[in-house]
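Open the model in your viewer, switch on a cartoon view, and keep the selection box handy. We will go stop by stop, picking out a few residues each time.

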Amino acid sequence: MTVRRLRIQCPHCGVRAIEEFLHGEIPTIPERVVDPDARDLDRAFMHTNAEGLVTERWFHAMGCRRWLTLTRDTRTNDIPERTTSYPPS
Ligand SMILES: [Zn+2]
């Protein structure tokens, strides 16, 4: 069995191993949830675990120390679209 390791193309540092990055969060709390405590609960425990293309934020902690936004296919770990960063270069 071949284990395929996830690698991320950082616009500043090049292709790097996933271990150099920290996963960030893009909150997707439904607007119908208005109570602050319910929003905190939703944010902490109600993850969608979507199958297919998802937009994610990653922090290059062991590199340029910038936030990256990328689209990843959760079925294959492919990153088909160009990665962007904040702040932009
Ligand atoms: Zn970087």
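The tour below starts with the whole chain and then moves through its parts.

**Stop 1: the whole chain**

Keep in mind from the start that this is a predicted model. Colour the chain by pLDDT: the mean is 85, and 93% of the residues reach 70 or more. Which element has the lowest mean pLDDT, and which the highest? Strand 6 is the lowest at 74, and strand 2 is the highest at 94.

Now colour by secondary structure. You should find one helix and six strands, and reading along the sequence gives the pattern β-β-β-α-β-β-β. Turn the chain around to take in its extent: the C-alpha trace spans about 45 × 35 × 20 Å along its principal axes. Of the 89 residues in the chain, 9% are buried. As for contacts between residues at least 6 apart in sequence, 46% of them join residues at least 24 apart.

**Stop 2: the hairpin**

Select residues 7–10, which are strand 1, together with residues 14–17, which are strand 2. These two strands form a hairpin, with three residues between them. They run antiparallel and are joined by four bridges. Two opposite pairs are worth labelling here: C10 faces G14 across the hairpin, and I8 stands opposite R16.

Next, show the side chains of strand 1. Which residues point to the buried face, and which to the other? I8 and C10 point to one face and are buried, while R7 and Q9 point to the other and are not buried.

**Stop 3: the nonpolar core**

Keep I8 and C10 selected and add F21, W58, L68 and L70. Together these six residues make up the largest nonpolar core. Strand 1 and strand 5 (67–73) each supply at least two residues of this core.

Now centre on F21. Setting aside neighbours within four places in sequence, F21 is in contact with I8, W58, F59, H60 and A61. Two of the names in that list, I8 and W58, are also members of the core.

**Stop 4: the open sheet**

Select strands 3, 4, 5 and 6. They form an open sheet in the order 3-4-5-6, with antiparallel pairing. Strand 3 (22–23) and strand 6 stand at the edges with a single partner strand each, so one side of each has no neighbour in the sheet. As background, strands of a sheet pair through backbone hydrogen bonds, either parallel or antiparallel.

Zoom in on strand 5 and strand 6. Three bridges join this antiparallel pair. Label L68 and you will find S85 of strand 6 opposite. L68 is also one of the core residues from the previous stop.

Stay in strand 6 and pick Y86. Is Y86 buried or exposed? Y86 is exposed, because 10 other C-beta atoms lie within 10 Å, and the limit for exposed is 12 or fewer. Leaving out neighbours within four places in sequence, Y86 is in contact with R66 and W67. Draw a distance from Y86 to R66: their C-alpha atoms are separated by 5.9 Å, although the two residues are 20 apart along the chain.

**Stop 5: two loop residues with positive phi**

Most residues other than glycine have a negative phi. Two residues here are worth a look against that background.

Select R65, in the loop between strand 4 (53–59) and strand 5. Its phi is near 60°, a positive value in a residue other than glycine. R65 is exposed, with 9 other C-beta atoms within 10 Å.

Then move to N77, in the loop between strand 5 and strand 6 (84–86). N77 is not a glycine either, yet has a positive phi of about 65°. With 12 C-beta neighbours inside 10 Å, N77 counts as exposed.

**Stop 6: after the helix**

Finish at T48, which is found in the loop between helix 1 (36–45) and strand 4. How many C-beta neighbours does T48 have inside 10 Å? There are 7, so T48 counts as exposed. For a last distance, join T48 to I29: the residues are 19 apart along the chain, and their C-alpha atoms are separated by 10 Å.

Technical notes: Residues are numbered from 1 along each chain as its sequence is written. This is a predicted model: local features need pLDDT of at least 70, side-chain atom pairs count only at pLDDT 80 or more; totals for chains, interfaces and linings use all residues. A residue is buried if 20 or more other C-beta atoms lie within 10 Å of its own, exposed if 12 or fewer, and partly exposed in between; C-beta atoms are placed from the backbone. Two strands pair if DSSP finds at least two bridges between them. A nonpolar core is a set of buried Ala, Val, Leu, Ile, Met, Phe, Trp, Tyr and Cys residues joined through C-beta atoms within 7 Å. Two residues are in contact if their C-beta atoms, placed from the backbone, lie within 7 Å. pLDDT is the predictor's confidence in each residue, from 0 to 100.
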